[in-house]
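Hi everyone, thanks for making time for this. I'd like to walk you through a structure that may be new to you, so please have a look at it on the screen.

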Amino acid sequence: MNQTEELFRADATLTECMASVAALDERGVRLDRTVFYPLGGGQAGDRGEFELADGSVLLIADTRRGPAPGDIVHVPAVGQEDLLARLAPGQRVLARIDAARRGRHMRFHTATHLLCALVPHPVDGCSITADYARLDFHMNEPLDREVLNAGLARLVSEAHVVHQRWISEAELDANPGLVRSMSVQPPRGLGRVRVLEIEGVDMQPCGGTHVANTAEIGAVVVTKIEKKSAMTRRVVIGFAESN
Ligand SMILES: [Zn+2]
């Protein structure tokens, strides 16, 4: 099967697209192209819906990577057997993500990169949801919540440009400090690696979806700092207002 065209890669602001059903099985639905981001790099998979040609709507509860490289599986919400039985390869659907939820993922994901810039230690865990984001840093020094909050507020208000670009594996190997995450190594063997650059602040391999400017993150605050183990400090952030 051909790989799903990942429209969210080129433009993370896309919220819907027309697509054709490529395949479906007990795991879910594959499309020829999609705006749905699959769970990965710590960022939650998208939810949303497929609008079928007859106007009926299939609810998508999650998006995951399938077993094959480049495979993206849209997982239907339970209890839609009748609708799924009418779905067949080749059918056209309007695929639409829950844009408000994704917007929160993007703001939090970019905010976690700001945290990486403020805490110069390797990351050994990451989770980005619509309600909070957390990063586990490999370190034993204490962290000061007020210092982190002030740093986050400063980097947001400075309105740094955020963009993705490709660098060669040779360039990556020459700058091992670029790989901030211990648990997630960038995919190798393609000759190039996608990096997320926050101009003047941070650059690291990342395939997630991000806002285009740190100002779009809005007000985020550290809600918790935990000592998870002798060498792990967990930092949890949330939005200052519930918007
Ligand atoms: Zn990232």
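Let me begin with a question for the room: is arginine 234 buried or exposed? Keep in mind as you look that this is a predicted model. Arginine 234 counts as buried, because its relative accessibility is 15% and the cut-off for buried is under 20%. You'll find arginine 234 in strand S15, which covers residues 232-239. Who are its contacts? Setting aside neighbours within four places in sequence, arginine 234 is in contact with Arg134, Leu135, Asp136, Lys224, Ile225, Glu226 and Lys228. There is also a long-range pairing to point out here: arginine 234 and glycine 125 are 109 residues apart in sequence, yet 8.7 Å apart in space, C-alpha to C-alpha.

Now let's move to the metal site. Which residues are the protein donors of the zinc ion? They are His109 and His113, each through NE2, and Cys206 through SG, and they lie 2.0 to 2.3 Å from the ion. If you follow the sequence on the screen, the spacing of the donor residues reads H-x3-H-x92-C. The two histidines belong to helix H3, residues 99-118, and because they are four residues apart there, about one helical turn separates histidine 109 from histidine 113. Both histidine 109 and histidine 113 are buried.

While we're talking about sulfur, how many disulfides are there? The count comes to zero. Take cysteine 116, which is in no disulfide: the nearest cysteine sulfur belongs to cysteine 126 and is 7.5 Å away. Seen from the other side, the sulfur of cysteine 126 has cysteine 116 as its closest cysteine partner, and 7.5 Å is too far for a bond, since a disulfide needs the sulfur atoms within 2.5 Å. The surroundings of these two cysteines are worth a look as well. Cysteine 116 counts as buried, with 4% relative accessibility, whereas cysteine 126, at 29%, counts as partly exposed.

Next, a bit of empty space. The second largest pocket holds about 250 Å³. Helix H1 (7-10) and strand S11 (162-168) are the elements that give two or more residues to its lining. In total, 17 residues line this second largest pocket, and Ala12, Val162, Gln164, His210 and Val211 lie nearest its centre. What is the lining made of? It divides into eight nonpolar, six polar and three charged residues.

Strand S11 also helps us find a backbone detail. Alanine 159 sits in the loop between helix H4 (145-157) and S11. Its phi is near 55 degrees, a positive value in a residue other than glycine. At 34% relative accessibility, alanine 159 counts as partly exposed.

For the last stop, let's look at leucine 58 and its surroundings. Leucine 58 is part of strand S6, residues 57-65, and at 1% relative accessibility it counts as buried. Apart from neighbours within four places in sequence, leucine 58 is in contact with Val29, Gly48, Glu49, Phe50, Leu52, Pro76, Gln80, Leu83, Leu84 and Leu87. With glutamine 80, leucine 58 has a C-alpha separation of 7.3 Å, although the two are 22 residues apart along the chain.

One of those contacts, glycine 48, deserves its own moment. Glycine 48 lies in strand S5, residues 48-52, and is buried, with a relative accessible area of 15%. Not counting residues up to four places away in sequence, glycine 48 touches Phe36, Leu58, Leu59, Ile60, Arg96, Ile97 and Asp98. Its C-alpha is 9.8 Å from that of alanine 77, which is 29 residues away along the chain.

And what about valine 78: is it buried or exposed? Valine 78 counts as exposed, at 83% relative accessibility. You can find it in the loop between strand S7 (72-76) and helix H2 (81-85). Between valine 78 and alanine 61 there are 8.3 Å in space, C-alpha to C-alpha, for a separation of 17 residues in sequence.

That's the tour, and I'm happy to go back to any of these spots on the screen.

Conventions: Residues are numbered from 1 along each chain as its sequence is written. This is a predicted model: local features need pLDDT of at least 70, side-chain atom pairs count only at pLDDT 80 or more; totals for chains, interfaces and linings use all residues. Side-chain values use heavy atoms; hydrogens and water are left out. Donors are N, O and S atoms within 2.8 Å of the metal (3.2 Å for Na, K and Ca); water is not among the atoms, so sites may look incomplete. Buried means under 20% relative accessible area, exposed over 50%, partly exposed in between (1.4 Å probe, protein chains only). On a 1 Å grid over the protein atoms alone, a cavity is a set of points where a 1.4 Å probe fits but cannot get out, and a pocket is an open set with protein on both sides within 12 Å along at least five of seven lines; lining residues have an atom within 4 Å of a point. Grid points are joined across faces, edges and corners, and a volume is the space filled by probe spheres set on the points. Ala, Val, Leu, Ile, Met, Phe, Trp, Tyr, Cys and Pro count as nonpolar, Asp, Glu, Lys and Arg as charged, and the others, Gly among them, as polar. Contact means heavy atoms within 4.5 Å.
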